[in-house]
Amino acid sequence: MLNLSTSMRDALFRQAHEQHPIECCGIITSLAGEPRPHRLIPMHNAAQSKDFFIFEPREQLLVWREMDVRSEFPLVIYHSHTASKPYPSSTDVDYAAAFPDAYHLIISTVKHFCPAMRCYYIKHGRILEQELTFEQPPLFY
Amino acid sequence: MPVTIHIPTIMRSLTNGAATVDAQGSNLADVIDDLERDWPGVKQRLVKDDALVKFINLYVNDQDVRFHSGLQTPINEGDEVIILPAVAGGQINYICKPLTKA
């Protein structure tokens with residue numbers, strides 16, 4: 001199960017709709033030993049395409065290096081589908097093979113798909129939907 | 001010329017869990033061949049039909065080799081080679097037409 005804060009959820013929808021019809025992409029990190037969302041990192045879609053995304057390689061290297069320094073891991077890899085439902089395509093499954101332990105989150109910017117955000121593990125070519133919940137942060141600590 | 005290769009998590013099952021390994025060669029193709037001798041199976045993950053596979057990014061001293069000389073990228077002693085899986089995908093092959101009422 002992936003539990004996102006409502007502010008992180010809203011930021012993901014905002015990014016997806018701002019970049020529509022281009023697919024948006026990015027990652028959410030977690031800290032080592034704490035499998036909770038920690039930091040949202042929007043990435044540049046080097047393909048600038050309506051039906052494909054790819055992290056810009058140089059930016060990816062810098063972000064991966066920064067994660068190493070901060071003891072962070074890619075907990076979630078996300079992107080948008082701008083003309084289809086939020087379900088992994090065969091392209092998504094092919095590329096996800098390198099990240100079997102990450103959640104793969106897909107946001108659809110097509111209005112009639114509800115829910116518009118869905119979450120999966122993709123392991124050994126199999127798509128396993130994961131429960132996605134949203135938590136309102138407490139008003140007072 | 002020994003160089004250090006950084007191995008991504010997903011490939012460490014091929015290197016007995018090592019995050020970095022050493023290899024030798026005067027260009028990237030030679031280095032990958034040398035890696036394959038020590039760690040069988042690595043080359044198959046990086047090269048297909050004499051070209052880099054699309055699922056992998058390879059950097060020499062932080063430069064993506066696709067924008068340089070690919071497998072012919074020259075390697076010098078002390079260079080750092082980083083292997084990272086590409087992060088990509090998208091709705092190619094999965095276009096849904098909106099439902100229409102009859």
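Two strands are said to pair if DSSP finds at least two bridges between them. The exercises below apply this to a predicted model.

**Exercise 1. Find in what order the strands of the open sheet in chain B stand, and which of them are the edge strands.**

Step 1. Following the pairing from strand to strand, one finds five strands of chain B forming an open sheet in the order β2-β1-β7-β5-β6, with mixed pairing.

Step 2. The edge strands are β2 and β6 (63–64) of chain B, since each of these pairs on one side only.

Step 3. Inside the sheet, β1(B) and β7(B) pair in the parallel sense over three bridges, and B:T4 stands opposite B:E80 in β7(B).

Step 4. A helix of the other chain also packs on this sheet: α2 (residues 57–70) of chain A touches β5, β6 and β7 of chain B, and its direction makes about 100° with that of β7(B).

**Exercise 2. Describe how helix α1 of chain B is placed, which of its residues are buried, and what covers them.**

Step 1. Helix α1(B) lies across β1, β2, β5 and β7 of chain B, and it runs at about 120° to β2(B).

Step 2. Within this helix, which spans residues 28–38, the residues B:L28, B:A29, B:V31, B:I32, B:D34 and B:L35 are buried.

Step 3. The cover over these buried residues includes β1 (2–6), β2 (20–24), α2 (42–46), β3 (47–48), β5 (56–60) and β7 (80–85), which belong to chain B.

Step 4. At the N-terminal end of the helix, B:N27 acts as a cap, with a side-chain oxygen 3.1 Å from the backbone nitrogen of B:A29.

**Exercise 3. Explain how B:D34 and B:R37 are placed relative to each other in helix α1 of chain B, and whether each is buried or exposed.**

Step 1. The side chains of B:D34 and B:R37 meet in a salt bridge, with 3.5 Å from N to O.

Step 2. Because they are three residues apart in helix α1 of chain B, B:D34 and B:R37 are separated by about one helical turn.

Step 3. An α-helix has 3.6 residues a turn, so residues three or four places apart point the same way.

Step 4. With buried meaning under 20% relative accessible area and exposed over 50%, B:D34 at 15% counts as buried, whereas B:R37 at 59% counts as exposed.

**Exercise 4. Characterise the interface of chain A and chain B, from its area to its salt bridges.**

Step 1. The contact takes 34 residues from chain A and 24 residues from chain B, and the area buried between the two chains is about 2500 Å², of which carbon and sulfur atoms give 61%.

Step 2. In chain A, the residues that lose the most area to chain B are A:P57, A:L61 and A:Y95, which together make up 23% of what that side buries.

Step 3. Turning to polar atoms, one finds 15 residue pairs in polar contact across the interface, and the count of salt bridges between the chains is two.

Step 4. One salt bridge joins B:D62 to A:R65, the closest N and O atoms being 2.8 Å apart; the pair crosses from the loop between β5 and β6 of chain B to helix α2 of chain A.

Step 5. Of these two partners, B:D62 is buried, with a relative accessible area of 17%, while A:R65 is partly exposed, with a relative accessible area of 31%.

Notes:
Residues numbered from 1 in each chain as written. Chains lettered and ligands numbered in written order. Predicted model: local features only at pLDDT ≥ 70, side-chain atom pairs only at ≥ 80, totals over all residues. Heavy atoms only, no water. Buried < 20%, exposed > 50% of the residue type's maximum accessible area, 1.4 Å probe, protein only. Helix = DSSP H or I, 4+ residues; strand = E, 2+ residues; numbered from the N terminus. Contact = heavy atoms within 4.5 Å. Polar contact = N/O pair within 3.5 Å; in protein donor to acceptor, adjacent residues only side chain to side chain. Axes fitted to C-alpha atoms, helices over the stretch in contact; angles between N-to-C directions. Buried area = accessible area lost by both parts, 1.4 Å probe. Salt bridge = Lys/Arg side-chain N within 4 Å of Asp/Glu carboxyl O.
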